Amino acid sequence: MNIHIPTPLRAYTDKQETVSIPGATVAEGLAALVAAHPALQQHLFTSEGKLRSFVNVYLNDDDVRWLPAGQATAVSPGDELSIIPSIAGGCSKEPSI
Amino acid sequence: MTLKLSNPLYRELRAHGEETYPHECCGILLGSADGSEITVQRLLRAGNTRTDSAHNRYNIAPQELISAQREARQAGLEIVGFYHSHPDHPAQWSATDFAEAHWLGCAYVITAVEQGRATVTNSFLLAGTREEDKSFRPQSIVLPSSAPHLDSD
Ligand SMILES: [Zn+2]
């Protein structure tokens, strides 16, 4: 499968935007990605080994968190996996000054 | 690290905040980055998915980010930053902005929109090497010198 890496994490994939990785499931692909680029581990996973809450992983156009089988979902070689940190924010509602 | 923008892109980014006022606007900046400069080449408007509190929160759907990343890849560009507006609020990052900023090395541009008019636009670089040591650093926005709002001192 091809895994697309977001801009901030390309520092850990030798500047590659797309990494081709073997693996039969999403979890295997992520494990193979981290095995090939170990510095990614702390950016993608918590110390307990769970995907960090702000890291979204999409299999083609689907959020892996919402797939029935989650990270155990089967992946075929032509599939695209995208790693996308979330983008959000806003003005605080606390009174200013 | 400065942020380089053309005048039309800068105007469009600010106009977007005026159009969505009193709600926050948000969007994605495509371009390129080297060690000292981020150059914005394309601006993608995003829909604010926070319809529940769009006046003071913004969120870009991951699907929009994925298609932005695809568009960048096809154009030989990369996602280099994001922008949003602060309706009737200063152009400074908030605690929420900081807590929810995760794209290290990218620019976060904020435009204050007062009573429907864009006033100050600031950019902040999300510096650091990981989530635990990140910080926002003010960065200057560089426009071509013909920009009418720049002082010529
Ligand atoms: Zn904000």
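Author: Donors are N, O and S atoms within 2.8 Å of the metal. The model discussed here is predicted.

Reader: How are the donor residues of the zinc ion spaced in sequence?

Author: The protein donors of the zinc ion are B:His84 (NE2), B:His86 (NE2) and two OD atoms of B:Asp97, at 1.9 to 2.5 Å from the metal. Read along the sequence, the spacing of these donor residues is H-x1-H-x10-D.

Reader: Which parts of chain B does the pair B:His86 and B:Asp97 tie together?

Author: Among the protein donors of the zinc ion are B:His86 and B:Asp97. Both residues are buried. The pair joins parts 11 residues apart in sequence, because B:His86 belongs to strand β5 (residues 78-87) of chain B and B:Asp97 to helix α3 (residues 95-99) of chain B.

Reader: Why is the arrangement of the four donor atoms around the zinc ion classed as it is?

Author: A tetrahedral site would need all angles between 85 and 135 degrees. The four donor atoms here subtend angles of 56 to 161 degrees, so the arrangement is irregular.

Reader: How many disulfides does a search of the whole structure find over all chains?

Author: A disulfide requires two cysteine sulfur atoms within 2.5 Å. For B:Cys25, the nearest cysteine sulfur belongs to B:Cys26 and is 6.7 Å away; for B:Cys106, the nearest is again that of B:Cys26, 15 Å away. Over all chains, the number of disulfides found is zero.

Reader: Is B:Cys106 buried or exposed?

Author: Buried means under 20% relative accessible area. B:Cys106 has 2% relative accessibility and therefore counts as buried.

Reader: Which three residues supply 21% of the area that chain B buries against chain A?

Author: In the interface, 33 residues of chain B are in contact with 30 residues of chain A. The two chains bury about 2700 Å² between them, with 56% of it on carbon and sulfur atoms. The three residues that supply 21% of the area buried by chain B, more than any other three, are B:Ile66, B:Gln69 and B:Trp103.

Reader: Which residue of chain B is in contact with A:Ser82?

Author: A:Ser82 is found in strand β5 (residues 80-85) of chain A, and its 4% relative accessibility makes it buried. Apart from neighbours within four places in sequence, its contacts include A:His4, A:Asn56, A:Val57 and A:Tyr58, and from chain B, B:Ile66.

Reader: What is the N to O distance in the salt bridge of B:Arg73 and A:Glu17?

Author: The rule finds four salt bridges across the interface of chain B and chain A. The side chains of B:Arg73 and A:Glu17 meet in a salt bridge with an N to O distance of 3.0 Å.

Terms used: Residues are numbered from 1 along each chain as its sequence is written. Chains are lettered from A and ligands numbered from 1 in the order in which they are written. This is a predicted model: local features need pLDDT of at least 70, side-chain atom pairs count only at pLDDT 80 or more; totals for chains, interfaces and linings use all residues. Side-chain values use heavy atoms; hydrogens and water are left out. Helices (H or I, at least four residues) and strands (E, at least two) are DSSP runs, numbered from the N terminus. Buried means under 20% relative accessible area, exposed over 50%, partly exposed in between (1.4 Å probe, protein chains only). Contact means heavy atoms within 4.5 Å. Donors are N, O and S atoms within 2.8 Å of the metal (3.2 Å for Na, K and Ca); water is not among the atoms, so sites may look incomplete. Four donors count as tetrahedral if all angles lie between 85 and 135 degrees; four count as square planar and six as octahedral if opposite donors are over 155 degrees apart and all others between 65 and 115; anything else is irregular. Buried area is the accessible area (1.4 Å probe) that two parts lose on being put together, summed over both.
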